[in-house]
Amino acid sequence: MDNRVPPRAAGPGPRRRDRHGRGMRGPIAPPQVPLAASRAEVFADLVQDSVDRLERRWPQLADVDFVVLEVPRPAGSGQTWSDEPVPLGDTVPAEEGRRARVVVYRRPVEIRSKGRDERAALVHEIVVEQVAELLGLTPETVDPRYGED
């Protein structure tokens, strides 16, 4: 007796079921649920929350681009890393034809923080420090609650 099942011919349409007959796998959670957001998206939201908080007090920040990058790059091409600590953020002053930018580096910040609340506080602290540097002010002037924990 031959128990082999003949192979199914691949049809022209998309597969409707997986090999166990349970249907195609879908997302674990719908897109509007926080579980569906990637770490990079959650981090970008933390930066945006901090920026929104500061823009109420400093309307000129509307002319500044806030950017999230994974990691900082070495200073020049062909240079290697030094023994200095890895920066958590940076500023790029405005030039002719380009807006000023505040950069926050995601991976170094994630490594230095343990939970979401600590990460949110660290992100806000970095954004305040970089905005203060860009505006030529002290961090306490930019955000009176700077340094309070």
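**View 1. The lining of the second largest pocket, to which α3 gives the most, with 5 residues.** In this predicted model, the second largest pocket has a volume of about 300 Å³. The elements that give two or more residues to its lining are α1, residues 39-55, and α3, residues 116-135. Altogether 16 residues line this pocket, and those that lie nearest its centre are Arg53, Ala120, Ala121, His124 and Glu125. Sorted by class, the lining of the second largest pocket holds 8 charged, 5 nonpolar and 3 polar residues.

**View 2. The open sheet, formed by 3 strands in the order β1-β3-β2.** The pairing in this sheet is mixed, and its edge strands, each of which pairs on one side only, are β1 (64-69) and β2 (89-92). From one strand to the next, the twist averages 20°. In general, the strands of a sheet pair through backbone hydrogen bonds, in either a parallel or an antiparallel manner.

**View 3. The pairing of β2 with β3, two strands that run antiparallel.** Strand β3 covers residues 100-105, and 4 bridges join β2 to this strand. Within this view, Val92 can be found standing opposite Arg101, a residue of β3.

**View 4. The helices α1 and α3 against the sheet.** Helix α1 lies across β1 and β3, and its direction runs at about 155° to β1. Helix α3 also packs on the sheet, where α3 touches β1, β2 and β3, while the direction of α3 makes about 25° with that of β2. These two helices, α1 and α3, are also the elements that give two or more residues to the lining of the second largest pocket.

Technical notes. Residues are numbered from 1 along each chain as its sequence is written. This is a predicted model: local features need pLDDT of at least 70, side-chain atom pairs count only at pLDDT 80 or more; totals for chains, interfaces and linings use all residues. Side-chain values use heavy atoms; hydrogens and water are left out. On a 1 Å grid over the protein atoms alone, a cavity is a set of points where a 1.4 Å probe fits but cannot get out, and a pocket is an open set with protein on both sides within 12 Å along at least five of seven lines; lining residues have an atom within 4 Å of a point. Grid points are joined across faces, edges and corners, and a volume is the space filled by probe spheres set on the points. Helices (H or I, at least four residues) and strands (E, at least two) are DSSP runs, numbered from the N terminus. Ala, Val, Leu, Ile, Met, Phe, Trp, Tyr, Cys and Pro count as nonpolar, Asp, Glu, Lys and Arg as charged, and the others, Gly among them, as polar. Two strands pair if DSSP finds at least two bridges between them. Axes are lines fitted to C-alpha atoms, for helices over the stretch in contact, and angles run from 0 to 180 degrees between N-to-C directions. Contact means heavy atoms within 4.5 Å.
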